[in-house]
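Colleague: I have a model open in front of me and would love a close look at a single part of it. Could you walk me through one loop, then the helix that follows and what packs around that helix?

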Amino acid sequence: MKNILIIGIGRAGKTTLSNMIKDKWNSYNLLHSDSLKWAIIRAKDKEDYYRKNVDVQKEYEHGEFFQRTLLELYNSLIKNDKKEYGYILESGQLHPKIVSEMIDFEKTIVLCLGLGNLTAEDMVEQCLKYDTEESWTYGLSREYLLEHAQDWYNCNEMLKKECPKYNIRYIDTSKNRLDILNTILNEISEVQI
């Protein structure tokens with residue numbers, strides 16, 4: 001099985017696609033970068049601090065140390081996967097340049113999910129329209145979401161620009177998301193056969 005790395009902006013469908021892949025091929029091991037982030041933070045007994053200081057939390061999780069730690073763990077798991085069950089890593093923290101330096105593209109399918117040409121306000125509208133109770137944005141006010149939407153927009157613009165430089169496929173999921181995710185799943189099926 002080829003390993004799968006799904007990077008991209010929040011609310012673009014990374015977790016949904018990861019779960020779809022896991023549902024189709026149950027042998028995959030699924031890793032969410034947020035789980036590792038919070039495990040490290042809790043191990044340092046800093047959860048309250050990082051929850052109260054979201055800007056510091058974002059700086060940490062998007063910093064090079066966390067990104068490289070995440071990819072070192074991923075690579076180590078792949079290396080020790082003797083039965084080749086495969087690993088899926090989904091992350092909203094990884095920069096295409098670091099991915100290109102640390103990932104073996106022969107063994108790993110790398111995808112970036114983004115929100116195309118949506119504005120920051122459009123991104124907030126999508127959150128409000130499609131959120132479920134499992135969504136981290138669920139129940140947050142429009143005002144709170146708008147405060148963070150410019151960061152999402154800037155990240156999306158960076159990914160659109162940087163992914164092609166590093167031969168990473170950027171996929172716009174802003175329209176017909178489920179159809180697009182099913183198309184990706186079918187493409188992965190062809191590679192896995």
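Modeller: Happy to. Let's begin at Arg11, which sits in the loop between β1 and α1. Please keep in mind that this is a predicted model. The phi angle of Arg11 is near 75°, a positive value in a residue other than glycine. That deserves a glance, as most residues other than glycine have a negative phi. Glu84 is another case, with a positive phi near 55°, and we will come back to Glu84 at the end.

From that loop, move on into α1. Its buried residues are Lys14, Leu17, Ser18, Met20 and Ile21. Seen down the axis of α1, these residues fall within an arc of 160°, so they line one face of the helix. The spacing makes sense on general grounds: an α-helix has 3.6 residues a turn, so residues three or four places apart point the same way. What does this face of α1 pack against? Its partners are the strands β1, β2 (29–32), β3 (87–91) and β4, together with the helix α9.

One residue of β4 (108–114) is a good guide to this region: Leu113. Setting aside residues up to four places away in sequence, Leu113 touches Ile6, Ile7, Gly8 and Ile9, then Ala12, Gly13, Lys14 and Leu17, and also Ile171, Thr173, Leu181 and Ile184. Two of the buried residues of α1, Lys14 and Leu17, are thus among the contacts of Leu113.

Zooming out, the largest nonpolar core has 27 residues, and those touching the most other members are Ile4, Leu17, Ile21, Leu113, Trp152, Ile184 and Ile188. At least two residues of this core come from each of β1 (3–8), α1 (14–24), β4 (108–114), α7 (120–130), α8 (142–165) and α9 (177–192). There is also a second, separate core of 23 residues, which includes Trp38, Tyr74, Ile103 and Cys112.

Two of the helices that feed the largest core, α7 and α8, are worth following as a pair. Their axes come within 8 Å and cross at roughly 120°. The two helices are therefore oblique to each other, and their crossing is right-handed. On the α7 side the meeting residues are Ala120, Glu121, Met123, Val124, Glu125, Cys127 and Leu128, while α8 brings Arg142, Leu145, Leu146, Ala149, Gln150, Trp152, Tyr153 and Asn156. Within α7, Ala120, Met123, Val124, Gln126 and Cys127 are buried. Down the axis of α7 they fall within an arc of 155°, so they too line one face of the helix. This buried set packs against α8 and α9, whereas Glu121 and Lys129 are exposed on the other side of α7.

Finally, back to Glu84, which lies in the loop between α5 and β3; β3 is one of the strands that the buried residues of α1 pack against. Glu84 counts as exposed, at 53% relative accessibility. Gly86 is found in the loop between α5 (64–79) and β3 as well, but Gly86 is buried, with a relative accessible area of 0%. Leaving aside neighbours within four places in sequence, Gly86 is in contact with Met1, Asn3, Ser27, Tyr28, Asn29 and Asp81.

Conventions
Residues are numbered from 1 along each chain as its sequence is written. This is a predicted model: local features need pLDDT of at least 70, side-chain atom pairs count only at pLDDT 80 or more; totals for chains, interfaces and linings use all residues. Side-chain values use heavy atoms; hydrogens and water are left out. A nonpolar core is a set of buried Ala, Val, Leu, Ile, Met, Phe, Trp, Tyr and Cys residues joined through side-chain atoms within 4.5 Å. Buried means under 20% relative accessible area, exposed over 50%, partly exposed in between (1.4 Å probe, protein chains only). Helices (H or I, at least four residues) and strands (E, at least two) are DSSP runs, numbered from the N terminus. Contact means heavy atoms within 4.5 Å. The arc is that of the directions from the helix axis to the C-beta atoms. Axes are lines fitted to C-alpha atoms, for helices over the stretch in contact, and angles run from 0 to 180 degrees between N-to-C directions. Angles under 35 degrees count as roughly parallel, over 145 as roughly antiparallel, 65 to 115 as roughly perpendicular and the rest as oblique. A crossing is left-handed if the near helix is turned anticlockwise from the far one by less than a right angle, and right-handed if clockwise.
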